[in-house]
Amino acid sequence: NTGRVLSIQSHTVQGYVGNKSAVFPLQLLGYDVDPINSVQFSNHTGYPTFKGQVLNGQQLLDLIEGLEANNLLYYTHLLTGYIGSVSFLKSVLEVVDKLRSINPNLTYVCDPVMGDEGKLYVPEDLVSVYREKVVPVASMLTPNQFEAELLTKLRIGSETDGRKACKILHAAGPSKVVITSINIDGNLLLIGSHQKDKKQAPEQFKIVIPRIPAYFTGTGDLMTALLLGWSNKYPDNLDKAAELAVSSLQALLQRTLNAYTSAGFDSKSSSLEIRLIQSQDDIRQPKLTFK
Ligand code: ADP
Ligand code: MG
Ligand code: MG
């Protein structure tokens with residue numbers, strides 16, 4: 001089971017975040033991926049400096065118009081990640097409508113990238129647009145703990161809170177929700193939730209992930225891409241899809257950490273560039289070690 005994905009995310013010349021993190025793994029899983037680069041930067045913004053260009057909402061709509069004029073706007077999936085302004089996010093909402101008018105079954109996988117570990121890294125006025133306009137049209141949502149808190153206005157400090165947050169998000173729109181990590185005493189807890197039937201309680205599950213003491217960039221983008229890829233292959237089995245995604249990701253993170261430590265590099269001192277290309281076998285055929 002495969003598909004055609006329109007992926008609107010950032011691009012870095014060097015290193016792996018946004019589309020650089022998402023396109024290759026989706027292609028490995030057999031998807032046609034058409035990337036639109038919402039920004040093109042020299043490197044990710046965690047470095048001391050960066051240079052580059054930002055696409056505005058009108059320029060996004062121009063690209064969509066070009067595709068539409070040639071009847072090239074049929075997609076099975078739309079994937080969005082980091083979006084830096086309200087005007088761009090509103091253009092994305094127009095793109096959702098346009099794609100759904102061409103394919104009513106379009107799956108919109110939305111990673112509501114807003115911040116991490118208590119810190120917002122987008123303008124504050126984006127939060128309410130995500131909450132009120134974007135969440136209702138998303139098919140699958142993949143917030144981290146902080147983003148799930150912003151969207152639900154619920155403080156999430158336990159597994160129970162996570163499950164409750166998923167229910168609130170289902171009620172707002174998406175039938176699939178994965179909170180990719182909740183930090184609970186040294187471990188990461190993933191909570192998945194699939195509302196198969198509006199009249200019934202969602203099917204929920206958790207995966208405990210041992211926390212690696214390092215900060216990686218681009219992992220959330222990779223995680224959402226893998227969740228799209230696998231949940232489309234196992235449409236009624238979100239827990240299996242999440243296990244496969246986590247399994248690939250953990251193998252990649254371990255490989256990344258090993259590469260840095262064997263080079264004598266202090267992995268706690270700055271964020272690590274993921275070993276994406278070197279992990280292609282783990283992406284194609286994840287070993288199921290996380291249950
Ligand atoms: P985001 O990057 O959006 O904040 P997360 O922090 O939840 O998203 O990371 C996405 C996934 O990456 C997690 O589900 C987990 O599998 C993996 N991950 C990220 N950081 C770590 C870490 N330090 N140790 C182990 N796994 C990690
Ligand atoms: Mg995080
Ligand atoms: Mg994220």
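Let's start at Met223, which counts as buried because its relative accessibility is just 5%, under the 20% cut-off. Bear in mind as we go that this is a predicted model. Met223 sits in helix α7, which covers residues 219-233. What does Met223 touch once its neighbours within four places in sequence are left aside? The list is Thr180, Leu190, Ala245, Val246 and Leu249. For a sense of scale, take Ala241: it is 18 residues away from Met223 in sequence, and the two C-alpha atoms are 11 Å apart in space.

Stay with α7 and look at its partner, helix α1, residues 18-28. Two packed helices are described by the angle between their axes and the distance between the axes. For α1 and α7, the angle is about 30 degrees and the axes are 8 Å apart. That angle falls under the 35 degrees used as the limit, so α1 and α7 count as roughly parallel to each other. Their crossing is right-handed. On the α1 side, the contact is made by Gly18, Ser21, Ala22, Pro25 and Leu26; α7 brings Asp221, Leu222, Ala225, Leu226, Leu228 and Gly229. Sorted by type, the residues in this contact are 7 nonpolar, 3 polar and 1 charged.

While you're on α1, have a look at Val23, which is also found in that helix. Val23 counts as buried, because its relative accessibility is 12%. Not counting residues up to four places away in sequence, Val23 touches Val33 and Pro35. Leu6 is 17 residues from Val23 along the chain, with 9.8 Å between their C-alpha atoms.

Leu6 takes us on to the nonpolar cores. The largest one has 44 residues, and Leu6, Leu60, Tyr130 and Ile179 are those with the most contacts inside it. Which helix gives this core its largest share? That's α3, residues 86-102, which supplies 8 residues. There is also a second, separate core of 42 residues, and Ala22, Tyr31, Leu227 and Ile283 are among its members.

Now zoom in on Tyr130. Leaving out residues up to four places away in sequence, Tyr130 touches Gly81, Ile83, Leu89, Cys110, Asp111, Pro112, Val113, Met114, Val135, Pro136 and Leu151. One of those, Leu89, belongs to α3, where Val86, Leu89 and Leu93 meet Asp125, Leu126, Val129, Tyr130, Lys133 and Val134 of α4. The residues of this contact divide into 7 nonpolar, no polar and 2 charged. How do the two helices lie against each other? The axes of α3 and α4 (residues 125-134) come within 10 Å and cross at roughly 15 degrees. With that angle, α3 and α4 are therefore roughly parallel to each other. The crossing of α3 and α4 is right-handed.

Another residue that Tyr130 touches, Leu151, leads into helix α5, residues 145-152. Is α5 mostly covered or mostly uncovered? Mostly covered: 7 of its 8 residues are buried. They are Gln145, Phe146, Glu147, Ala148, Glu149, Leu151 and Thr152. The buried residues of α5 pack against two other helices, α4 and α6 (159-172), and against the strands β6 (115-116), β7 (119-120), β8 (140-141) and β9 (176-184).

Note on methods. Residues numbered from 1 in each chain as written. Chains lettered and ligands numbered in written order. Predicted model: local features only at pLDDT ≥ 70, side-chain atom pairs only at ≥ 80, totals over all residues. Heavy atoms only, no water. Core = buried A, V, L, I, M, F, W, Y, C linked by side-chain atoms within 4.5 Å. Buried < 20%, exposed > 50% of the residue type's maximum accessible area, 1.4 Å probe, protein only. Helix = DSSP H or I, 4+ residues; strand = E, 2+ residues; numbered from the N terminus. Contact = heavy atoms within 4.5 Å. Axes fitted to C-alpha atoms, helices over the stretch in contact; angles between N-to-C directions. Parallel < 35°, antiparallel > 145°, perpendicular 65-115°, else oblique. Left-handed = near helix turned anticlockwise from the far one by under 90°. Nonpolar A, V, L, I, M, F, W, Y, C, P; charged D, E, K, R; others polar.
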